[in-house]
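Me: I would like a close look at a single part of this model. Please start there, then set that part against the rest of the chain.

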Amino acid sequence: VEYIVVAGGGSGGYEGGGGAGGLRTNLSGHPLATGNPSFTATANTSYPISVGGGGSGSYSGSGVTNNTSGNPSFIGPPGSKIVESTGGGKAGSHPNAASPGGSGGGTASSPTAIAYGRNPSTPGGAGGPFAWTEGNPGGAYTGLPYFAGGGGGAGGPGHGPGDSGEQGEGGEGVQVAIAGLASPVNQGVGTINPGPGQYQWFAGGGGGGRSPAAAVAGGVGGGGSGGGTTQRTHGVQGTGGGGGGTWNTGYSPGAGGSGVVVVRYKIGTVNVARATGGLITRKNGYTIHSFQASGTFTTEPNWNDGNVTYLVVGGGGGGGSVVPTNGPWSTGAGGGG
């Protein structure tokens, strides 16, 4: 069984952006599949699924001091989980520190200690290193203008001073195309990225707060935007996106988005061809043999249906022509079918 397990995102704060919920997958070929366990299901067995809610926060009169981290998501009973993703870390909310998580929350103006996500490079003092990657650290605070750190995402850290992204932006999420081909048909799974490969993105970090007021983008994959006042938004439900931070007291920060769990399995394939010859294709329940050159249609021993629908087309006749005798023209008739 292939899966994606995304935990709930952390809440934004009074200043920082919330960290994205941890993301784990064993999807073949995905860069984040390394170190994650396999899931071999057995017949007539129930596997509980738990989807974590996002963290929340509220204004308490002296800054947002009661924001919370996201909740874990997992497959399997609590006592013997097959795989579990860690809730996103809550943002730094002056004067409280940002928290580590699947991805870490962004830092506030004080304290400015980095909140780490779970990945192989996580320092030992933060619970790591880990054999797998769930997310990345939150970004750092910077001043003039004042940017709180963006929350980390599954695909990259929250942005702070001196890195390649816009200051305060949430860390990027990742695309996990587990619900089939990425197209509008299944855009309800994950969020939309305006660039190429736009569907099924998850676990973007929340944008940090900013002063003077202006919107600060959350990470692609459901991260809420941060800002000065009402620019902050919630993480997108069903993505594990972190909530956006706010700079002004009196405004609650963005809540983290709830997580999501998707499992898929391949049903057995059946060889429905009961004859050989030609190019064999299948459509609408039929097996089709196409001969573009002479060949042999041969039924096999398991043939059990005498009804064959056919189309037989003869070769077309050649076109005719007349050699000109009195001028530079030529006439000819079309070939017959």
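How many bridges join strand β12 to strand β13, and do the two run parallel or antiparallel?

Reply: Five bridges join them, and the strands run antiparallel. Keep in mind that this is a predicted model. Strand β12 covers residues 279-283, and strand β13 covers residues 286-290. At the turn end, K283 has Y286 in β13 as its bridge partner. Two residues lie between the strands of this hairpin. One residue there deserves a look at its backbone: N284 takes a positive phi, near 55°.

Now the setting. The protein chain has 14 strands and zero helices. From the N terminus on, its elements therefore read as β after β, by the run definition used here. The chain holds 337 residues, and 43% of them are buried. Its accessible surface comes to about 16,200 Å², with 54% belonging to carbon and sulfur atoms. Sequence separation matters too. Take contacts between residues at least 6 apart in sequence: 48% of these join residues at least 24 apart.

For a contrast with the hairpin, turn to an open sheet of three strands. Its order is β2-β1-β10, and the pairing is antiparallel. Strands β2 (23-25) and β10 (260-264) form the edges, each pairing on one side only. From one strand to the next, the twist averages 5°.

Strand β1 spans residues 2-6, and five bridges join it to β10. These two strands run antiparallel. Within the pairing, I4 stands opposite V262 in β10.

A salt bridge also links these strands. E2 pairs with R264, and the closest N and O atoms are 2.8 Å apart. E2 sits in β1 and R264 in β10, so the pair ties together parts that are 262 residues apart in sequence. Is E2 buried or exposed? Neither fully: E2 counts as partly exposed because its relative accessibility is 22%, and the buried class ends at under 20%. Its partner R264 is also partly exposed, at 30% relative accessible area.

The chain has two salt bridges by this rule. E84 and K81 make the other, with N to O at 3.0 Å. E84 has a relative accessible area of 28%, so E84 is partly exposed. K81 is partly exposed as well, at 33%. Side chains of opposite charge can pair when their charged atoms come close.

The sheet strands also feed the nonpolar interior. Which residues have the most contacts inside the largest nonpolar core? They are I4, V6, L23, V176, F202 and A203, in a core of 14 residues. The elements giving two or more residues to this core are β1 and β10. Apart from that core lies another, of six residues. Its members include V5, F39, I75 and V261.

Look at β1 with both cores in mind. I4 and V6 belong to the largest core, while V5 belongs to the other one. In a regular strand the side chains alternate between the two faces of the sheet. Nonpolar side chains also tend to be buried together in soluble globular proteins.

To sum up the two pairings: five bridges join β12 to β13, and five join β1 to β10. The hairpin leaves two residues between its strands. The pairing of β1 and β10 carries the E2 to R264 salt bridge, which spans 262 residues of sequence.

Definitions and conventions
Residues are numbered from 1 along each chain as its sequence is written. This is a predicted model: local features need pLDDT of at least 70, side-chain atom pairs count only at pLDDT 80 or more; totals for chains, interfaces and linings use all residues. Side-chain values use heavy atoms; hydrogens and water are left out. Two strands pair if DSSP finds at least two bridges between them. Helices (H or I, at least four residues) and strands (E, at least two) are DSSP runs, numbered from the N terminus. Axes are lines fitted to C-alpha atoms, for helices over the stretch in contact, and angles run from 0 to 180 degrees between N-to-C directions. A nonpolar core is a set of buried Ala, Val, Leu, Ile, Met, Phe, Trp, Tyr and Cys residues joined through side-chain atoms within 4.5 Å. Buried means under 20% relative accessible area, exposed over 50%, partly exposed in between (1.4 Å probe, protein chains only). A salt bridge is a side-chain nitrogen of Lys or Arg within 4 Å of a carboxyl oxygen of Asp or Glu. Contact means heavy atoms within 4.5 Å. Accessible areas come from the Shrake-Rupley method with a 1.4 Å probe; for residues, only the protein chains shown count as cover.
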